[in-house]
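User: I'd like a close look at one part of this model. Could you walk me through it in plain terms, with the surroundings included?

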Amino acid sequence: MYPQLISPFLARLIAQNNHHPALLSQFTYDPREEIISPDETPDPLDEAPATVAPNLLHRYPHKALWLVNNTCTSNCRFCFRKLSRPSQSPLDIPAVVHYLKTHSAINELIFSGGEPLLLPFSTLSQIVSKLISLQHLTILRFHTRLPLFSPQLITADLFSLWSSIIKQGREVVIVLHLNHPLELTPQLKTIVTKMNDLSIKVKAQGVLLKGVNDSAQTLATLWREELAAGIEPYYLHHLDHICGTSHFRLSLEEGLDIYQSALKLFSNPSHQPKYILDLGREGKREVKDLARSLTKIQMQTN
């Protein structure tokens, strides 16, 4: 069984919102997790073949993803890496830096995990100092839920580190994972304001989840409140086929209908998030493009 883990801050948020299903179902164990559908897998994105150095994935020409940690302060029940997280062995920093150094087409490195911001600050600072020496590496991106789970752990040291990266001519991007308007806490908004003040780009991605955010009104409200807080709505992911998540999953047709209805309510053409399906080795595709292709094939067949 995937361990249930809820941070004290998140537990208080859930209690303050009367155990709202949109929060509760994301983080508490459900017996339906034991039901494994035939199309579900421990590694739905087939990341193993893209691993080029210890815990480093290189799937797209200009960016790489480094799984620097295998733990979080809270466990999402739908996490697509819950069964394929990186090992607990020490980071092989020299091997990763060597790969990045010898692949100059890579200009963006994404820190992920687990929760990358749970790395000891001394380790994160050491990594950044080595990466800054690579002139072709111009963007450092951090994927995180820590401002929601444990905002007190977003420390002054982290802001100083991000500021030093920017002062050395690099770009810092923070991608938050947000699924519901209740997750936009005052503490998270304060953190985002500080990030904006440092010229850090803050984006948000989420997952379309049955019983959590599967309504056009909920998504439109989330996107509006993100923008108001200084966060750019970025991606809405269709749920990956990770083991034991079928109770969260909508069909692509249902998802596309909700997404398109949400865009109409959102009414902001310049900041529309993309509804994405990750096809693993084939990369990310917009669901609307997949729908058009399927319709075209059906018309040609008929």
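Which residues form one aromatic cluster here, and what lies around them?

Analyst: Happy to. Please keep in mind that this is a predicted model, in which local features need pLDDT of at least 70 and side-chain atom pairs count only at pLDDT 80 or more, while totals for chains, interfaces and linings use all residues. Residues are numbered from 1 along each chain as its sequence is written, and side-chain values use heavy atoms, with hydrogens and water left out.

The cluster consists of Trp66, Phe111, Phe142, Phe159 and Trp162. The structure holds 10 aromatic pairs. Rings of Phe, Tyr and Trp (the six-membered ring for Trp) pair when their centres lie within 6.5 Å; planes under 30 degrees apart count as stacked, over 60 as edge-to-face and the rest as tilted.

The strands give the cluster its setting. Helices (H or I, at least four residues) and strands (E, at least two) are DSSP runs numbered from the N terminus, and two strands pair if DSSP finds at least two bridges between them. Strand β3 (residues 63-67) pairs with β4 in the parallel sense over five bridges, and here tryptophan 66 stands opposite phenylalanine 111 in β4. Strand β4 (residues 108-112) in turn pairs with β5 in the parallel sense over four bridges, where phenylalanine 111 stands opposite phenylalanine 142. Phenylalanine 111 therefore faces a cluster member in β3 and another in β5.

Now step outwards. On one side, β2 (residues 56-60) is joined to β3 by three bridges, running antiparallel. A hairpin links β2 and β3 through two residues, and tyrosine 60 stands opposite lysine 63. On the other side, β5 and β6 (residues 171-177) run parallel and are joined by six bridges; the partner of histidine 143 in β6 is valine 175. Between β4 and β5 comes helix α4 (residues 121-131), and the three make a right-handed β-α-β unit. Right-handed here means that, with the strands pointing away from the viewer, the path from the first strand over the helix to the second runs clockwise.

How covered are these strands? Buried means under 20% relative accessible area, exposed over 50% and partly exposed in between, using a 1.4 Å probe and protein chains only. β3 is largely enclosed by the rest of the structure, because four of its five residues are buried. In β5 (residues 139-144), six of six residues are buried. In a regular strand the side chains alternate between the two faces of the sheet. For β5, Ile139, Arg141 and His143 lie on one side and Leu140, Phe142 and Thr144 on the other, all of them buried.

Two residues show this packing close up. Alanine 64 in β3 is buried, at a relative accessible area of 1%. Leaving aside neighbours within four places in sequence, alanine 64 is in contact (heavy atoms within 4.5 Å) with Leu56, Leu57, Leu100, Ile106, Glu108, Leu109 and Ile110. Glutamate 115, in the loop between β4 and α4, is buried as well, at 3%. With the same neighbours left aside, its contacts include His143 and Thr144, along with Asn69 and Cys72. Glutamate 115 and leucine 67 are 48 residues apart in sequence and 8.8 Å apart in space, C-alpha to C-alpha.

Finally, the nonpolar surroundings. A nonpolar core is a set of buried Ala, Val, Leu, Ile, Met, Phe, Trp, Tyr and Cys residues joined through side-chain atoms within 4.5 Å. The largest one has 79 residues, and those touching the most other members are Leu100, Leu109, Phe111, Leu131, Trp162 and Ile231. Helix α9 (residues 252-266) supplies the largest share of this core, six residues. A second, separate core of six residues includes Ile139, Val175, Tyr234 and Ile276. In soluble globular proteins, nonpolar side chains tend to be buried together.

To recap the path through the cluster: tryptophan 66 stands opposite phenylalanine 111, and phenylalanine 111 opposite phenylalanine 142, with Phe159 and Trp162 completing the group.
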